[in-house]
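Notebook open, coffee poured. Here is what I looked up, one entry at a time.

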Amino acid sequence: MIELTPIQIRSLKLAKDGDVFLHQDGKRWTHLDATETYAKTDRFKERPQKVKFMKTSTLVELTEFGLLKKLDPEAQTEESAHAITMAGKMWLLKNK
């Protein structure tokens, strides 16, 4: 059984929502073309929701556990998009 920190769990949930790509600053991973959004329940769109991201170190840890995988196996870790594996989905179903 793998024990994950809260940060790793949030990152795994982020990957479950869609593939993650390297952001422009080179240290953060987020969804492709992610932008600041507003809450669906906010009628006046006054409170923006921040873009969710994960750091490279968390991505590497989850990849080592086998919960994330590179979509392009021949590319370097820093260049390839990553997706959640079936093991990652099962971990989320069992634990959170």
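**Entry 1: the start of the chain**

Where is the place of Met1? I found Met1 in the segment before H1. I should jot down that this is a predicted model, so every value here is computed. Next I asked whether Met1 is buried or exposed. Met1 has a relative accessible area of 75%, and since exposed means over 50%, Met1 counts as exposed. I also checked a pair that sits 90 residues apart along the chain: the C-alpha atoms of Met1 and Trp91 are separated by 9.1 Å.

**Entry 2: the overall layout**

I counted the secondary structure next and got three helices and seven strands. Reading along the sequence, I wrote the pattern down as α-β-β-β-β-β-α-β-β-α. The protein has 96 residues, and 29% of them count as buried.

**Entry 3: the core**

Which residues touch the most other members of the largest nonpolar core? That core has 15 residues, and my list reads Leu4, Leu12, Met54, Leu68 and Trp91. I then looked at where the core's residues come from: helix H1 (6-17), helix H2 (56-65) and H3 each supply at least two. H1 gives the largest share, four residues. Trp91 turns up twice in my notes, once among those core residues and once in the pair with Met1.

**Entry 4: a patch on the surface**

I went over to the surface and found a nonpolar patch formed by Met86, Met90 and Leu93. Together they have about 350 Å² of accessible area. I picked Met90 for a closer look, and it is found in helix H3 (residues 86-95). Why does Met90 count as partly exposed? Its relative accessibility is 38%, which falls between the cut-offs of 20% for buried and 50% for exposed.

**Entry 5: His31**

I looked up His31 and found it in strand E2 (residues 28-31). His31 has 24% relative accessibility, so I put it down as partly exposed too. His31 also pairs up with Ala81 in my distance notes: they are 50 residues apart in sequence, yet 9.3 Å apart in space, C-alpha to C-alpha.

**Entry 6: rings**

How many aromatic pairs does a search of the whole structure find? I got zero. I did find something over a ring, though: Arg28 lies over the face of Phe53. The distance from the ring centre is 4.1 Å.

Methods
Residues are numbered from 1 along each chain as its sequence is written. This is a predicted model: local features need pLDDT of at least 70, side-chain atom pairs count only at pLDDT 80 or more; totals for chains, interfaces and linings use all residues. Side-chain values use heavy atoms; hydrogens and water are left out. Rings of Phe, Tyr and Trp (its six-membered ring) pair if their centres lie within 6.5 Å; planes under 30 degrees apart count as stacked, over 60 as edge-to-face and the rest as tilted. A charge sits over a ring if NZ of Lys or CZ of Arg is within 6 Å of the ring centre and within 35 degrees of the ring normal. Patches are made of residues with over 30% relative accessible area and no salt bridge: like charges are joined within 9 Å, nonpolar side chains (Val, Leu, Ile, Met, Phe, Trp, Tyr) within 5 Å. Accessible areas come from the Shrake-Rupley method with a 1.4 Å probe; for residues, only the protein chains shown count as cover. A salt bridge is a side-chain nitrogen of Lys or Arg within 4 Å of a carboxyl oxygen of Asp or Glu. Buried means under 20% relative accessible area, exposed over 50%, partly exposed in between (1.4 Å probe, protein chains only). A nonpolar core is a set of buried Ala, Val, Leu, Ile, Met, Phe, Trp, Tyr and Cys residues joined through side-chain atoms within 4.5 Å.
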